[in-house]
Protein chains: 4
Amino acid sequence: MAKVKVGIVGLGRLGRQHAENLAFRIPNCELLAVCSVIQEEAEQAQKEWGIKYAYTNYDEMLQNKELDAIFIASPSGFHCEQIEKALNAGFHVFSEKPLGLYLEEALRVQEVVNNHRDQVFMIGFMRRYDKSYAYAKKKIEEGKIGEPVLIRCYGLDPSKAINGFMQFAKNNYSGGLFLDMAIHDLDLARWYLSSEAKQVWAIGGAYAHPEFEQLNDAETGTALVKFENNKMGIFVAGRNCAHGYHIETEIIGTNGTLRIGTTPEKNMVTVFDDTGAVNECAEGFLERFEQAYLSEAEEFISCIRENRQPSVTVEDGVLSTALGYACKDSFETGELVTVQSPYKALPSSI
Amino acid sequence: MAKVKVGIVGLGRLGRQHAENLAFRIPNCELLAVCSVIQEEAEQAQKEWGIKYAYTNYDEMLQNKELDAIFIASPSGFHCEQIEKALNAGFHVFSEKPLGLYLEEALRVQEVVNNHRDQVFMIGFMRRYDKSYAYAKKKIEEGKIGEPVLIRCYGLDPSKAINGFMQFAKNNYSGGLFLDMAIHDLDLARWYLSSEAKQVWAIGGAYAHPEFEQLNDAETGTALVKFENNKMGIFVAGRNCAHGYHIETEIIGTNGTLRIGTTPEKNMVTVFDDTGAVNECAEGFLERFEQAYLSEAEEFISCIRENRQPSVTVEDGVLSTALGYACKDSFETGELVTVQSPYKALPSSI
Amino acid sequence: MAKVKVGIVGLGRLGRQHAENLAFRIPNCELLAVCSVIQEEAEQAQKEWGIKYAYTNYDEMLQNKELDAIFIASPSGFHCEQIEKALNAGFHVFSEKPLGLYLEEALRVQEVVNNHRDQVFMIGFMRRYDKSYAYAKKKIEEGKIGEPVLIRCYGLDPSKAINGFMQFAKNNYSGGLFLDMAIHDLDLARWYLSSEAKQVWAIGGAYAHPEFEQLNDAETGTALVKFENNKMGIFVAGRNCAHGYHIETEIIGTNGTLRIGTTPEKNMVTVFDDTGAVNECAEGFLERFEQAYLSEAEEFISCIRENRQPSVTVEDGVLSTALGYACKDSFETGELVTVQSPYKALPSSI
Amino acid sequence: MAKVKVGIVGLGRLGRQHAENLAFRIPNCELLAVCSVIQEEAEQAQKEWGIKYAYTNYDEMLQNKELDAIFIASPSGFHCEQIEKALNAGFHVFSEKPLGLYLEEALRVQEVVNNHRDQVFMIGFMRRYDKSYAYAKKKIEEGKIGEPVLIRCYGLDPSKAINGFMQFAKNNYSGGLFLDMAIHDLDLARWYLSSEAKQVWAIGGAYAHPEFEQLNDAETGTALVKFENNKMGIFVAGRNCAHGYHIETEIIGTNGTLRIGTTPEKNMVTVFDDTGAVNECAEGFLERFEQAYLSEAEEFISCIRENRQPSVTVEDGVLSTALGYACKDSFETGELVTVQSPYKALPSSI
């Protein structure tokens, strides 16, 4: 089979990383088209990487019949519509998380995906493709820790990025801390526990940055989730982590425990100076998950070539979103919230 | 001033450790009397350590006017009454936690303590005297992490001890996981956050050991607590920790984070073999908190000699107990529980 | 400029890794030809990766005028001759370490390289391109640890690989422990200390595997090296590391210390079970240095496109080899050995 | 048996720590006398701790027939003579290391000790009594790492203490880096390897502090030692460790490796701030070896009461000193030095 020809939409920070991966680092893949509403971005990428086509209009790119697949890395608010269009145009689709900013959008995506079962669809829960996270999953499947009982997930953005986020959040709907920041962890929890959420209580506040309160959002927050079979999930999300980008996960089982990223080390260097033994920390998601972003794209291309679907499904996107909204709801009301199945209300369509 | 003369009641595992410390390792202290309802225990201790008096009857020991202070390390159900008697008999009193098994008992102790303000009273929240915990407190007071926002506490007993505990719990009221096991962590949270609890949701279950369900108790459980000023507390307690006795605490502040005991290492040895790099873990509280048990007793003796009260107060015992009961209540009902001030109902007496 | 077209010779374990990188993961690079004396290896690679040319004869590959560069990953005994031929045929050349099995070979390579200064030549001291090692170098250059004073390098192959090595060593001249295994560390020492070796004493033995004695080689050995300005180097090399592939480096400076890979962790997962907290370790060089092998090849391609030479030079290869031979000499004679400059004896030719 | 009555000579920093331990923290021990040539030191200790006798004259203290044992913590230059006098006066003797500043002194002590076999003699190699070091020894004896092959010992004093040391060293003979600083490590090596040294090469220099060169001493140095059976020892000693007091030991065996104190952590607290994850380090020997100093004194008292000799012997002191002098000799001459048995020259007396 020939190389898979991909067009990417969205050339922001993460979009560029994806584009470079697709252009240069993935076997049997060719980045044939780039698309950005910002013309310079598209033109620069085209020139810099020698890409055949550059678009400023997404619909135009979908007209390009040389393409096999569309890679969506645009802002969250566009995902739902762009996924739908690309699937309907017959392309395989990879979309960055989330499926949409609202649960209804996520459900609509699921419906469309289900109507195009011959096309590959993949959502960008890249952590599942991180070597350490994948290794932990393997250990669990091998029974190393017995039955998983509790998961604890930290997802903390660095303080250094907080001003940038505030700027963004004042002008856009991010979904809030639990949907925007914790969504990867909610997916991981479901994946590792093999269990769905039933109840959640979420709390939090604006501690160093009172502006968060005006946004009706939390700077740092915690959700405690009861899953099926009394399994437990602890989620700490935040935007004000002094030491960097702190992604840490722990799974406690009946016979053992796994920890991933206990200290979010930047690399294997330890510096000893008069402050002590210092392990510098990762500064952001591109640094921490460089390999995972690459591996998920490799998997996407492999799925297309091998005519199979990835193990992470559109339903994972929907259910994680539903849980994120339950967290948000609990945080906003202060109440204990029962996580509703997103499918109950939609018996006919799904 | 002459040596402080102490009589100890209770010569179980922890009682013996306290007795040895009092007998041999504390400046200006003399262990003058031991008391146990088990005659052999008392006699063996007397003989082994050369103690002047041995009793099987607590009331008799209280008659001994050579004594300055009573050290209570008996089973929890006796604490309240023994504290009251000793204070009323004019002695300085150290009592192991808890003040009593019920909140009413704790409040009664507080009343008695308040009526004997010239006598030293100390409750055995030894962790505050552990070098690492004390160091963390100092760092917080120096402003190292800014304002504390979130505390996460793990208190996990080793799997190896679970059969012993089940045996005990079938015949005695332990208070349950949150009161018996998490009480030290609840105290630490109040201490580090300088804040009182307002709401709690606690969940848990019996995962590897269904017998816990019959006891209406949890094998492993988690409580999420909202403190004043939106501060957050996460408490994980358990009785089935495969790798040993896992006491870990983290305090996240607006400018930094402190972790104490991230890996509950047994000592400074790392073993490298074909499984990898292995840090063996502490096996129990006597091993982990050897220094803290000694230091708290030193502080008790110093307080007596220097005619001052320790910084840990009877109120700490009452409020931690009240929070423990709120956790227990939430776990049992499944509901979000508001933590009631234990003092509201008792306006006249306190 | 068009893509750099590369032909690789040698398709063993490391050769295949290099070939895959060149074929798929490096911008502006095209793997145009593969060459192996084992016909099936060449044909399989051609088929599997869709490579245009496959050769079993190195000289034939050098006739291919479409090629820009030759990548040498053949057994060590062929390096010298293959480098010379490729340079003389006008190609840019990357060669795996060592330049040759004997110092004379290394010097001959240097002479040839110096006669083709317009062609890029690079030796595969990949550790310099490992993120952690490069980060440490940057820290030193920034003055973070003051003046480097002592370097300690561990290069230990896993016990699991020892039988394979014995099989190889019985039939081939490997150079022995210090030349074959420690050569990367000798290069690192020179790089980090910015200093050349003056004296060495090397000891070692055959501890678990007496066969090493028959080979006149050491299973595990240590060399202490005095560098210019009294700087110190400690090198521990071995073939019998129970926990895996242990590459660790420490640089002690006048104001601080850097450690790289203190525990040679496989990934970011820690497993807690009844043995304790376990960090599994890397199993081999392909796992540990995956990123470095990729980055050095990227650098090679960039150098060609940008018409510059890499910072690691043929002289680094010569001087590290000279030091390796001094270690070997000391180990074999038991004497303190003065490290001779390899250039002294050859005034006319270089 | 009654309490062991001890008189201590030397009330410097370490002497005071020993005295406090003997006075308050050791079962069945009574500190009956203190002795210091500095009258205020003796008087203050007497008053502060309620000690019965205070002396400024060592010979007078030896007249005190109430005493059972003498504990020597005076400056190194006095050890030999004071040990001899105390043994000859019939007392059990504990002496801080070294036995003497010169090998001849150490041998004289050994002769005297051997002439008083009914009295307990113990030398203060306290590390053997440190919990972590003792645990490592136990692991080795259990065969956990197979046969020990290589030991690496770091003994680094903190930079903060360097001015104090320079002041001392300008006016006193310290023995130099290898005898004064590395002596504990030399003892540990002999203990863990169960092997004696045969050859040594030692190098080093004055890097940040040129004054060391004027003292004919090294600021930081390394010795490589070949032991019997080709076992290897690497010793790094220094006076200029930026991050604190760094005592680290590694034992590599045929089946595994042990490390003790890989990072010389101050306690179990990790501080996360904008520099990263920081483990503060121990600041000095009193902090790091607090428990070991106590445990060795406990063992000394137990030996007296149980009429047995400690496992650390006077011969350990002699042989470690002999090795220390070989290191010093090698450092000073630059030559490879054969370690002479200190007993060869003295066939008749020992």
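This passage walks through a predicted model, going from the parts of one chain to the way the copies fit together.

Chain A is a handy place to start. Its domain assignment gives two pieces: domain 1 covers 4–124, while domain 2 is made of 128–292 + 319–338. Taken over C-alpha atoms, the centres of domain 1 and domain 2 of chain A are 27 Å apart. The two domains of chain A do touch, with nine residues of domain 1 in contact with eight residues of domain 2. On the domain 1 side of that contact, α1 (13–25) and α5 (103–115) of chain A each put in at least two residues. It is α1(A) that supplies the largest share, three residues. Sorted by class, this side of domain 1 of chain A comes out as six nonpolar, one polar and two charged residues.

Next comes a look inside chain B, at strand β7 (residues 148–158). This strand is mostly covered, and 11 of its 11 residues are buried. It has a partner strand in β11 (residues 246–253) of chain B, and the two run antiparallel, joined by eight bridges. Within that pairing, Leu156(B) sits opposite His246(B) of β11(B). Another partner of β7(B) is β10 (residues 232–241) of chain B; here the strands run parallel, again with eight bridges between them. In this case Tyr154(B) faces Val236(B) of β10(B). As a general point, side chains in a regular strand alternate between the two faces of the sheet.

The buried nonpolar residues are worth a stop too. The largest nonpolar core counts 500 residues, and the ones with the most contacts inside it are Val200(A), Val200(B), Val200(C) and Val200(D). What does Val200(B) touch, leaving out residues up to four places away in sequence? Its contacts are Ala223(B), Leu224(B), Val225(B), Ala326(B), Cys327(B), Ser330(B), Val337(B) and Val339(B).

Then there is the meeting of chain C and chain A. Here 24 residues of chain C are in contact with 24 residues of chain A. On the chain C side, the elements giving two or more residues are α1 (13–25), α6 (131–141), β12 (257–260) and β13 (269–273). That side of chain C divides into 11 nonpolar, seven polar and six charged residues. Strands also pair across the two chains: β12 (residues 257–260) of chain A lines up with β13(C) in the antiparallel sense, over four bridges. In this pairing, Thr257(A) has Phe272(C) as its bridge partner in β13(C).

How are these copies related in space? A turn of 180° with a shift of 0.0 Å along the axis lays chain C on chain A, with an RMSD of 0.0 Å. That is the relation of a two-fold axis. Of the residues of chain C, Arg25(C) comes closest to the rotation axis, with its C-alpha at 1.9 Å. The copies meet through the same surface, because 100% of the interface residues of chain C are also interface residues in chain A.

Chains A and B tell a similar story. Chain A is superposed on chain B by a rotation of 180° with 0.0 Å of shift along its axis, at an RMSD of 0.0 Å. Once more the same surface serves both copies, with 100% of the contact residues of chain A recurring in chain B.

Definitions and conventions: Residues are numbered from 1 along each chain as its sequence is written. Chains are lettered from A and ligands numbered from 1 in the order in which they are written. This is a predicted model: local features need pLDDT of at least 70, side-chain atom pairs count only at pLDDT 80 or more; totals for chains, interfaces and linings use all residues. Two residues are in contact if their C-beta atoms, placed from the backbone, lie within 7 Å. Ala, Val, Leu, Ile, Met, Phe, Trp, Tyr, Cys and Pro count as nonpolar, Asp, Glu, Lys and Arg as charged, and the others, Gly among them, as polar. Two strands pair if DSSP finds at least two bridges between them. Domain bounds come from an automatic or database domain assignment. A residue is buried if 20 or more other C-beta atoms lie within 10 Å of its own, exposed if 12 or fewer, and partly exposed in between; C-beta atoms are placed from the backbone. A nonpolar core is a set of buried Ala, Val, Leu, Ile, Met, Phe, Trp, Tyr and Cys residues joined through C-beta atoms within 7 Å. Copies are superposed by least squares on the C-alpha atoms of residues with pLDDT of at least 70 in both.
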